[in-house]
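The following exercises invite the reader to study one structure step by step. Each task is followed by a worked solution.

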Amino acid sequence: MGVGKWIGGFLGFIAFGPLGALAGYALGSLFDNAMIGFADGNDGPHTFEDAYRNRYQQGQYTRQQQFEGQRNSFMFSLMVLASYVIKADGKVMHSEMEYVRQMLRMNFGSAAVAEGEDILKKLFEKQKQLDAQQPGAYKSAVYDSCRQISQYMAYEQRLQLLAFLCEIARADGKVPASELEALRWLASSLGLNAQEVDSMLNLQSGGTNLEAAYKVLEISPDATDDEVRKAYRKLALKHHPDKVSTLGEDVRKAAEKKLQEINAAKDLIYKSRGM
């Protein structure tokens with residue numbers, strides 16, 4: 001299954017707005033052909049956003065089309081935000097690109113790897129072009145994309161987006177200050193918070209390092225036992241895999257792994273307190 005599947009048929013909310021502009025550039029004729037199909041019908045003199053809202057609200061899309069639209073929007077949004085995080089330190093690290101390759105291979109098959117790399121390269125080119133015309137222009141485009149994502153994507157799905165971005169950032173074993181700043185800025189732009197960034201960046205070591213475990217649960221070591229329990233329940237609820245199941249089994253499995261790491265951090269804290 002190639003990357004072209006992302007934009008086949010029903011596009012979802014990437015059909016318009018700043019994400020649509022970036023998709024048109026990065027996906028080229030694939031996006032154009034999909035848009036022709038999307039524009040078909042009796043929508044009248046509406047924008048694509050109007051057509052999307054009208055058709056979705058009137059139940060004109062099948063369940064499968066709605067699934068594809070959500071997934072397509074999620075995966076392309078991830079590529080856009082990843083292009084910003086990867087270039088946050090001014091260079092493209094092999095380890096970060098390799099993580100994206102593995103993700104594409106796992107999610108879409110080996111044929112998707114080269115196509116996904118091509119999309120990222122085009123987004124890198126777009127960043128260079130926009131910033132050459134006006135410094136910070138690409139960051140502005142990413143911010144506008146984040147606002148669009150916030151409007152159409154559920155909170156739990158945005159959390160999973162952030163989780164993938166944190167995985168990319170720490171792929172080389174360290175997260176430089178520039179990437180940490182980028183992640184926190186993206187979190188804020190997505191309607192999330194900096195604590196959620198710190199939580200996800202500490203997931204891998206949260207099961208063995210007590211300081212990291214408290215960061216995973218987004219609490220202070222001074223928290224009471226009741227506060228620890230409450231923090232864990234809140235975290236487990238908002239990261240429950242069922243909350244992202246509509247995005248596909250691969251995304252759900254990633255959420256399951258994340259919840260396992262949260263549980264490991266909780267177990268370490270409980271053990272240290274004799275709870």
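**Exercise 1. The nonpolar core**

Task: Determine how many residues the largest nonpolar core has, and which helix gives the largest share of this core.

Solution. The largest nonpolar core of this predicted model comprises 76 residues. Within this core, F76, L81 and L217 have the most contacts. Helix α4 (residues 63-86) supplies the largest share, namely 11 residues.

The next step is to look at L217 and its surroundings. Leaving aside residues up to four places away in sequence, L217 touches V228, A231, Y232, L235, I262, A265, K266 and I269. Two of these neighbours, Y232 and K266, also meet each other: the charged end of K266 sits over the ring of Y232, 4.9 Å from its centre.

**Exercise 2. Salt bridges**

Task: State how many salt bridges a search of the whole structure finds, and describe where the partners R184 and D198 lie.

Solution. The search yields 15 salt bridges. In the one between R184 and D198, the closest N and O atoms are 2.9 Å apart. R184 belongs to helix α9 (residues 177-189) and D198 to helix α10 (residues 194-201), so this pair ties together parts that are 14 residues apart in sequence.

The accessibility of the partners is considered next. The limits for partly exposed are 20% and 50% relative accessible area. R184 has 34% and is therefore partly exposed; D198, at 24%, also counts as partly exposed.

Further salt bridges can be set beside this pair. R170 forms one with E167, with 2.7 Å between the closest N and O atoms, and both of these residues are buried. E218 and K238 meet through their side chains in another, at 3.6 Å from N to O. This pair links distant parts of the chain, as E218 is in the loop between α11 (210-216) and α12 (225-238), while K238 is in helix α12, 20 residues apart. E218 and K238 are both buried. Finally, a network of salt bridges links E98, R101 and E117.

**Exercise 3. The surroundings of Y138**

Task: Establish whether Y138 is buried or exposed, and identify the side chain with which its own side chain makes a polar contact.

Solution. Y138 is located in helix α7 (residues 137-152). Its relative accessibility is 0%, so Y138 counts as buried.

Its contacts, not counting residues up to four places away in sequence, are L22, V80, S83, Y84, L123, K126, Q127, L130 and D131. With one of these, S83, the contact is polar: the two side chains come to 2.6 Å. As for F124, 14 residues separate it from Y138 in sequence, and the C-alpha atoms are 9.6 Å apart in space.

**Exercise 4. Aromatic pairs**

Task: State how many aromatic pairs are found, and explain why the pair of F16 and Y152 ties together distant positions in the sequence.

Solution. A pair of aromatic rings is described by the distance of the centres and the angle of the planes. The whole structure contains 5 aromatic pairs. F16 and Y152 form one that is edge-to-face, with 5.5 Å from centre to centre and 70° between the planes. F16 lies in the segment before α1 (17-27) and Y152 in helix α7, so the pair joins parts that are 136 residues apart in sequence. F16 counts as buried, at 7% relative accessibility.

F74 and F164 make another edge-to-face pair, with 6.2 Å between centres and 70° between planes. Since F74 is in helix α4 and F164 in helix α8 (residues 155-169), this pair ties together parts that are 90 residues apart in sequence. Both rings belong to buried residues: F74 has a relative accessible area of 1%, and F164 has 7% relative accessibility.

F16 and Y152 also belong to an aromatic cluster that they form with F13. A ring can take part in another kind of arrangement, as in the case of W185: the charged end of K139 sits over this ring, 4.8 Å from its centre.

**Exercise 5. Helix α10**

Task: Identify the buried residues of α10 and the residue that caps its N-terminal end.

Solution. The buried residues of α10 are E196, V197, S199, M200 and L201. They pack against α8, α9, α11 and α12. At the N-terminal end, the cap is N193, which places a side-chain oxygen 3.0 Å from the backbone nitrogen of Q195.

Definitions and conventions
Residues are numbered from 1 along each chain as its sequence is written. This is a predicted model: local features need pLDDT of at least 70, side-chain atom pairs count only at pLDDT 80 or more; totals for chains, interfaces and linings use all residues. Side-chain values use heavy atoms; hydrogens and water are left out. A nonpolar core is a set of buried Ala, Val, Leu, Ile, Met, Phe, Trp, Tyr and Cys residues joined through side-chain atoms within 4.5 Å. Buried means under 20% relative accessible area, exposed over 50%, partly exposed in between (1.4 Å probe, protein chains only). Helices (H or I, at least four residues) and strands (E, at least two) are DSSP runs, numbered from the N terminus. Contact means heavy atoms within 4.5 Å. A salt bridge is a side-chain nitrogen of Lys or Arg within 4 Å of a carboxyl oxygen of Asp or Glu. A polar contact is a pair of N or O atoms within 3.5 Å; within protein, one must be able to donate a hydrogen and the other to accept it, and residues adjacent in sequence count only if both atoms are side-chain atoms. Rings of Phe, Tyr and Trp (its six-membered ring) pair if their centres lie within 6.5 Å; planes under 30 degrees apart count as stacked, over 60 as edge-to-face and the rest as tilted. A charge sits over a ring if NZ of Lys or CZ of Arg is within 6 Å of the ring centre and within 35 degrees of the ring normal.
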